[in-house]
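Subject: Structure handover

Dear colleague,

Please find below the structure that I promised to pass on to you. My notes on it follow directly after.

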Amino acid sequence: MGIEVVDFSGRPYDPGMVPDVVEVREDQGLQDGYAIIEETIAPTVTWRGQVIEPGQIIVKRSSVRLQEHTKVVE
């Protein structure tokens, strides 16, 4: 049918990604400036390559702040 459900958990985080960031957690064990997707709250859903639901994620990042592009949905 062309529908795909994408779970981003464990992947490196990029501020240009489709899912909405609902929480950012700091982890001193990560390399400076590095961030990963710790958990997928709601998966991203696509249909024939088009995003129909962006999903929601929790990002874990190093203590050093990432670019201001990390937007948290409230």
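By the distance rule for side-chain nitrogens of Lys or Arg and carboxyl oxygens of Asp or Glu, which is set at 4 Å, the count of salt bridges comes to four; please keep in mind throughout that this is a predicted model. In general terms, side chains of opposite charge can pair when their charged atoms come close.

One of these pairs is Glu-23 with Arg-25, whose closest N and O atoms are 3.0 Å apart. Glu-23 is partly exposed at 33% relative accessibility, and Arg-25 is likewise partly exposed, with a relative accessible area of 30%. This pair does not stand alone, since Glu-23, Arg-25 and Glu-38 are linked in a network of salt bridges.

A further salt bridge joins the side chains of Glu-26 and Arg-61, at 3.2 Å from N to O. Because Glu-26 belongs to strand β2 and Arg-61 to strand β6, this pair ties together parts of the chain that are 35 residues apart in sequence. Glu-26 counts as partly exposed, at 48% relative accessibility, whereas Arg-61 is buried, with a relative accessible area of 8%.

Asp-27 forms a salt bridge with Lys-60, and here the closest N and O atoms are 3.6 Å apart. Asp-27 sits in the loop between β2 and β3 while Lys-60 is in strand β6, so this pair ties together parts that are 33 residues apart in sequence. At 23% relative accessibility Asp-27 counts as partly exposed, and Lys-60, at 19%, counts as buried, because the cut-off for buried is under 20%.

What does Ser-62 touch, leaving aside its neighbours within four places in sequence? This residue, which is placed in the segment after β6, is in contact with Glu-26, Asp-27, Leu-30, Gln-31, Asp-32, Gly-33 and Tyr-34, so that Glu-26 and Asp-27, each a salt-bridge partner as described above, appear again in its list of contacts. Ser-62 is buried, with a relative accessible area of 0%, and a polar atom of its side chain lies 2.7 Å from the backbone nitrogen of Gly-33.

Turning to the fold, the protein chain has zero helices and six strands, and the strands are arranged in two open sheets, as follows.

The sheet that holds the salt-bridge residues of β2 and β6 has three strands in the order β2-β6-β3, with mixed pairing. Its edge strands are β2 (20-26) and β3 (35-42), each of which pairs on one side only, and neighbouring strands are turned by 25° against each other on average, direction ignored. Strands β3 and β6 (residues 56-61) run antiparallel and are joined by six bridges, with Gln-56 in β6 as the bridge partner of Ala-42.

The other open sheet also has three strands, in the order β1-β4-β5, and its pairing is antiparallel. Here the edge strands are β1 (3-6) and β5 (50-53), and neighbouring strands are turned by 35° against each other on average, direction ignored. Three bridges join β4 (residues 44-47) to β5, and the bridge partner of Trp-47 in β5 is Gln-50.

For the chain overall, 30% of the 74 residues count as buried, and the accessible surface comes to about 5,000 Å², of which 48% belongs to carbon and sulfur atoms. Among contacts between residues at least 6 apart in sequence, 73% join residues at least 24 apart.

With best wishes

Key
Residues are numbered from 1 along each chain as its sequence is written. This is a predicted model: local features need pLDDT of at least 70, side-chain atom pairs count only at pLDDT 80 or more; totals for chains, interfaces and linings use all residues. Side-chain values use heavy atoms; hydrogens and water are left out. Two strands pair if DSSP finds at least two bridges between them. Helices (H or I, at least four residues) and strands (E, at least two) are DSSP runs, numbered from the N terminus. Axes are lines fitted to C-alpha atoms, for helices over the stretch in contact, and angles run from 0 to 180 degrees between N-to-C directions. Buried means under 20% relative accessible area, exposed over 50%, partly exposed in between (1.4 Å probe, protein chains only). A polar contact is a pair of N or O atoms within 3.5 Å; within protein, one must be able to donate a hydrogen and the other to accept it, and residues adjacent in sequence count only if both atoms are side-chain atoms. Contact means heavy atoms within 4.5 Å. Accessible areas come from the Shrake-Rupley method with a 1.4 Å probe; for residues, only the protein chains shown count as cover.
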